Amino acid sequence: LLLEATLLQLVSGSHHPFYNGFYYNHIMNDMGNGQDKVDYFNGAKLVVETSKDPVYSYNGANVTLPCHYRYEPDLGDKRKIRIKWSKLRDDYTKEQDVMVAIGKTYVAFGDFKGRAHLHRAGKHEASLVISDVHLKDDGKYRCEVIDGLEDESDVVDLRLQGIVFPYQPPRGQYKLNFHEAEQVCQDQGAILANFNQLFQAWSEGLDWCNAGWLADGTVQYPIRLPRKPCGGVHLAPGIRSYGPRHRHLHRFDAFCFSSALRGEVFYLDHLDGMSLEEAKQSCQDAGAEIARVGHLYSAWKFLGLDRCNAGWLADGSVRYPIVKPRPNCGPAEPGVRSFGFPSKGRFGVFCYKER
């Protein structure tokens with residue numbers, strides 16, 4: 001009865017915050033206008049701000065993700081705060097730790113070791129520098145500033161300039177589960193594309209009627225020209241989605257993403273052409289390796305590679321890149337043409353040499 005009476009008193013009549021070992025100085029005060037006044041631990045509001053626009057970079061570059069914090073009103077004295085950067089995952093699972101810093105001491109984690117540090121050119125700056133940007137660095141990053149029990153954060157979007165290309169393996173259409181799709185993209189010098197990358201590719205003209213895996217485990221495909229086999233003629237252009245699929249049981253193609261190259265792609269040929277094994281050896285003799293599909297797409301997109309000669313690639317496919325369409329070089333649109341995966345035949349070869 002005494003406990004019940006005490007709880008009723010707290011609910012009905014008390015204007016004092018409940019005490020559970022320390023005071024939350026986060027008090028809601030009814031002003032009568034539907035707004036609340038917020039008090040803070042040290043009498044100042046902590047504000048964290050990052051770039052509202054995406055930050056663009058490319059594979060192999062160095063990039064700075066801006067983040068600044070301040071107090072309102074300004075406290076003046078420099079305070080010892082903790083700064084934490086983390087990367088948000090495409091599938092909304094647990095965030096990936098990037099680095100933590102207190103004062104001049106910092107620790108970077110996982111794949112960011114040796115590549116991530118803070119840039120502190122000015123007062124209250126907490127910007128993150130990532131060197132030697134990798135394809136999988138693309139995504140959203142959280143800048144979190146912790147001052148005692150106060151904790152504020154903001155998010156900045158890092159986007160890599162790149163190209164999305166659909167991929168299916170030699171054994172045919174819809175043969176890849178999610179994990180196999182991840183691997184085939186990696187084998188082609190790329191990664192599974194995310195939705196933002198696919199949407200950007202669609203806005204630039206990508207139209208593909210085969211469904212493919214994305215990095216978040218969903219299956220989607222981009223349609224510019226609605227037609228019966230691709231969702232129907234009555235649907236508007238856009239990204240068609242099957243939603244999340246079972247990552248082991250369901251099988252589709254893949255949408256891969258590749259960025260700018262760290263090297264160059266060049267073409268070699270012999271008078272009588274080459275088998276696939278001869279093509280690989282020719283690239284090695286030239287101090288290079290046989291190019292992957294991602295290399296060829298990136299060279300076409302970013303370096304303007306234009307070659308009306310079919311050549312072997314590392315996966316056993318035969319393709320060629322066209323920037324300026326012309327007679328006897330395929331369709332009237334620019335693109336990377338494919339001859340599929342011929343079991344026989346003699347062709348030239350596209351080689352890749354890293355700088």
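Let's start from the outside: the accessible surface of the chain comes to about 19800 Å², and carbon and sulfur atoms account for 52% of that area. Keep in mind as you look around that this is a predicted model. Turning inward, 42% of the chain's 355 residues are buried. The secondary structure consists of five helices and 25 strands. If you take the contacts between residues at least 6 apart in sequence, 58% of them join residues at least 24 apart.

Now to the cross-links. In general, a disulfide is a covalent bond between the sulfur atoms of two cysteines. Searching the whole structure turns up five disulfides. Number the bonded cysteines of the chain in sequence order and the pairing reads 1-2, 3-6, 4-5, 7-10, 8-9. Let's visit three of these links.

A good place to begin is the disulfide formed by cysteine 185 and cysteine 256, whose sulfur atoms sit 2.1 Å apart. This pair links distant parts of the chain, with cysteine 185 in helix H2 (residues 178-187) and cysteine 256 in strand S19 (residues 253-259), 71 residues apart. The link of cysteine 185 and cysteine 256 is left-handed, with -80 degrees about the S-S bond. Are its two ends buried or exposed? Cysteine 185 counts as buried because its relative accessibility is 0%, and cysteine 256 is buried as well, with a relative accessible area of 0%.

Next comes the disulfide that joins cysteine 283 to cysteine 351, with an S to S distance of 2.0 Å. Here cysteine 283 belongs to helix H4 (residues 276-285) and cysteine 351 to strand S25 (residues 348-354), so the bond ties together parts that are 68 residues apart in sequence. The torsion about the S-S bond of cysteine 283 and cysteine 351 is about -80 degrees, which means that this disulfide is left-handed. Cysteine 283 is buried, its relative accessible area being 0%, and cysteine 351 is buried with a value of 0%.

The third stop is the disulfide of cysteine 308 and cysteine 329, where the sulfur atoms are 1.9 Å apart. Both of its ends are in loops: cysteine 308 lies between helix H5 (293-302) and strand S22 (311-312), and cysteine 329 lies between strand S23 (318-322) and strand S24 (335-338), so the pair ties together parts that are 21 residues apart in sequence. With a torsion of about -115 degrees about the S-S bond, the disulfide of cysteine 308 and cysteine 329 is left-handed. Its ends differ in burial: cysteine 308 is partly exposed, with a relative accessible area of 27%, whereas cysteine 329 counts as buried at 3% relative accessibility.

Finally, let's look at a charged residue, glutamate 125. You will find glutamate 125 in the loop between strand S10 (116-119) and strand S11 (127-130). Which side chain of opposite charge is nearest to glutamate 125, and how far away is it? It is arginine 120, at 7.9 Å; glutamate 125 is buried yet has no salt bridge. For comparison, a salt bridge would need a side-chain nitrogen of Lys or Arg within 4 Å of a carboxyl oxygen. The side chain of glutamate 125 does make a polar contact with the side chain of serine 127, at 2.9 Å. Leaving aside residues up to four places away in sequence, glutamate 125 touches Cys67, His68, Tyr69, Ile83, His119 and Arg120.

Technical notes:
Residues are numbered from 1 along each chain as its sequence is written. This is a predicted model: local features need pLDDT of at least 70, side-chain atom pairs count only at pLDDT 80 or more; totals for chains, interfaces and linings use all residues. Side-chain values use heavy atoms; hydrogens and water are left out. Helices (H or I, at least four residues) and strands (E, at least two) are DSSP runs, numbered from the N terminus. Buried means under 20% relative accessible area, exposed over 50%, partly exposed in between (1.4 Å probe, protein chains only). Lys and Arg count as positive and Asp and Glu as negative; His and the chain ends are not counted. A polar contact is a pair of N or O atoms within 3.5 Å; within protein, one must be able to donate a hydrogen and the other to accept it, and residues adjacent in sequence count only if both atoms are side-chain atoms. Contact means heavy atoms within 4.5 Å. Accessible areas come from the Shrake-Rupley method with a 1.4 Å probe; for residues, only the protein chains shown count as cover. A disulfide is a pair of cysteine sulfur atoms within 2.5 Å.
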